[in-house]
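Student: I have a structure open and want to learn how to read it. Can we go through it feature by feature?

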Amino acid sequence: MNINDVFIEETFAEAFTMRVARVIVTARSPRWVREAALKLTGFATSVIGCKIEAGIERELPERETPDGRPGVSVLLMTMSKDDLPKRLIERIGQTILTCPTTACFDGLPEAPDRLGVGSALRFFGDGFQSSKVIGGERFWRIPVMEGEFLVQEKFGMVKGVGGGNFLILAQSADAALAAAEAAVDAMAGYPGIILPFPGGVVRSGSKVGSRRIKSMIASTNDAFCPTLRAITPSQLPETVNSVLEIVINGTDADAIAGGMRLGIRAACREGVVSISAGNYGGKLGPHHFHLRKIIGGAA
Amino acid sequence: MSGLRVSLHAPLDPAADCSALLDGNWTGLAPEALGRRPVAMPGRGDVPLAELAEVSGEPDGTIRLAGDWSQAVRLGAGLVEGAVVVEGDVGDEVGVGMAGGSIEVHGRAGARAGAAAPAARRGMTGGELIVRGDAGAECGALMRRGLVAVGGTVADHAGVGMIAGTLLAFGDVGPVPGLWSKRGSIVALGRVAIPSTYRFACTYQPPHLRLLLRRLQTRYRLPVEARHLTGFYHRYSGDLAELGKGEILTWTAS
């Protein structure tokens, strides 16, 4: 299969079940929404080293936020359901509570699993906090030097999918980067997905474990490193000199498949040789995203 | 037509205790079963609702009360579920001790709306009581949780003894609001005289008010204006003769 003369390999991305929370952050202006969101999602590229994966799902216009102010929707994901509340409390407490003018709301109100986030953060109020029940939901008013920080008591948690991906194999680093940027732009704002890596792009895709150090859980994906083509069992065609990866997490498999479809099509441009995907032989992750099926319209 | 509808044949005279009509679980009742619920009429004892009103419709969690209910006392007392709409005025003590659901009064409400039932130590513990017109004295007395929102004015001693909860008035608030309040919130969008046992804290934009006002605007079509949403509020803490963790928030143009 080819798209714009770019070969789509007969392979699949292998992804894992994760736990997801959707956090809505609002602020007085888009500037402070952006500042808060960037801090909230900072250092959250991979659970391998960050304990959590997070990203901005989309910006929200005033008409879509609970308090009618500019906002953003953020997805935060962990491997275990016990980890998610801990990470939410840490991150919202250190990045949203501290940020001027912000308020913080649950973006998964229908989720049956409820995490006590505001109910934990309220203790920062040192006994001066108070709560209000509005529309059946409890919100905590925490007094801060600026005025008050408002945070919802409970946040929903659902099962999601992490690790959807595709690889852009290009003739040059410039061509790989241009294709990756085009893919990210095409996927921006697609509902239900995030791209947790810097700018949505990964240059250091990893394989499971290490050839030399047993304690390492991940190390460089040497089969896709162009500089190692001559000394490893390379999977790179001869014309490929640079590879970038797009990693996609989402609230469900359909969202990831939809995002991958947009991204792959956008990445198929001049200078790109082929599109591949990372997997572990299908033995580790229960979610398999077959590239050709996705391009054809089915997950 | 969905929902239950109760149309009074004539105004209740004299005032009658309607506290049993919506007591406990009522949202699944058929019109016939609701019609058997009693109204305590002075001099006549308990009278089945069906003798006083036409009860019709199908149960879906809502009920509309048509006719003159201005002499209906304790309507919705202890309400736990459902959405109640009173198409006109209602008598004293509407929604006393209610714990859930909503009561929407399109006209005026008498004294002690959303307050505590006689001899009870606390008033509303949940739910939403909306009065589009004016509300009488001691509105929200001893509230523990929940919301009372009044589209018009609120008479004297509003929120007396509030334990918590929110009382919001679009019109003026009468003398000595929030007396003995522990943690209650009184929000005055009209004029209000701050009691001497409250102390000014600051002028700011309470973030929760935007949520609350937007809900009142979208769910109940109350007359929320842009200035209410984006404006500033003076915060007064009190009652300092009590716990002092309550507040009166007053909208300010400056």
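**Reading the core, the fold and the contacts**

Tutor: Start with the core, and keep in mind that this is a predicted model. The largest nonpolar core has 164 residues. Those that touch the most other members are A:Ala21, A:Val25, A:Val74, A:Val151, A:Ile168, A:Val272 and A:Ile275.

Student: What is the general idea behind a core?

Tutor: In soluble globular proteins, nonpolar side chains tend to be buried together.

Student: Which element gives the largest share of this core?

Tutor: Strand 3 of chain A, residues 12–26, with nine residues.

Student: Let me zoom in. What does A:Val25 touch, leaving out residues up to four places away in sequence?

Tutor: A:Val25 touches A:Val33, A:Ala36, A:Ala37 and A:Leu40, among others. Its partners also include A:Gly71, A:Val72, A:Val74, A:Ile96, A:Thr102 and A:Cys104.

Student: Now the whole chain. How many helices and strands does chain A have?

Tutor: Seven helices and 17 strands. The radius of gyration of chain A is 21 Å, close to the 19 Å that the globule rule gives for 299 residues, so chain A is as compact as a globular protein of that length. The C-alpha trace spans about 65 × 45 × 30 Å along its principal axes.

Student: What share of chain A counts as buried?

Tutor: Of its 299 residues, 46%. Look at sequence distance too. Take contacts in chain A between residues at least 6 apart in sequence: 73% of them join residues at least 24 apart.

Student: How do I describe two packed helices?

Tutor: Use the angle between their axes and the distance between the axes. Here, try helix 1 (residues 30–40) and helix 3 (residues 83–96) of chain A. Their axes come within 9 Å and cross at roughly 145 degrees. The crossing of these two helices is right-handed.

Student: Which residues make that contact?

Tutor: Helix 1 of chain A uses A:Ala36, A:Lys39 and A:Leu40. Helix 3 of chain A uses A:Arg91, A:Thr95 and A:Ile96. By type, the contact residues are three nonpolar, one polar and two charged.

Student: And an interface between chains?

Tutor: Its size is often given as the accessible area lost when the parts come together. Here we count residues: 14 from chain A and 14 from chain B.

Student: Which elements of chain A give two or more residues to the side that touches chain B?

Tutor: Strand 8 (130–134), strand 9 (137–144) and strand 10 (147–152) of chain A. Strand 8 of chain A gives the most, with four residues. The side of chain A that touches chain B divides into six nonpolar, four polar and four charged residues.

Key:
Residues numbered from 1 in each chain as written. Chains lettered and ligands numbered in written order. Predicted model: local features only at pLDDT ≥ 70, side-chain atom pairs only at ≥ 80, totals over all residues. Axes fitted to C-alpha atoms, helices over the stretch in contact; angles between N-to-C directions. Left-handed = near helix turned anticlockwise from the far one by under 90°. Contact = placed C-beta atoms within 7 Å. Nonpolar A, V, L, I, M, F, W, Y, C, P; charged D, E, K, R; others polar. Core = buried A, V, L, I, M, F, W, Y, C linked by C-beta atoms within 7 Å. Buried ≥ 20, exposed ≤ 12 C-beta atoms within 10 Å, placed from the backbone. Rg over C-alpha atoms; globule rule 2.2 N^0.38 Å.
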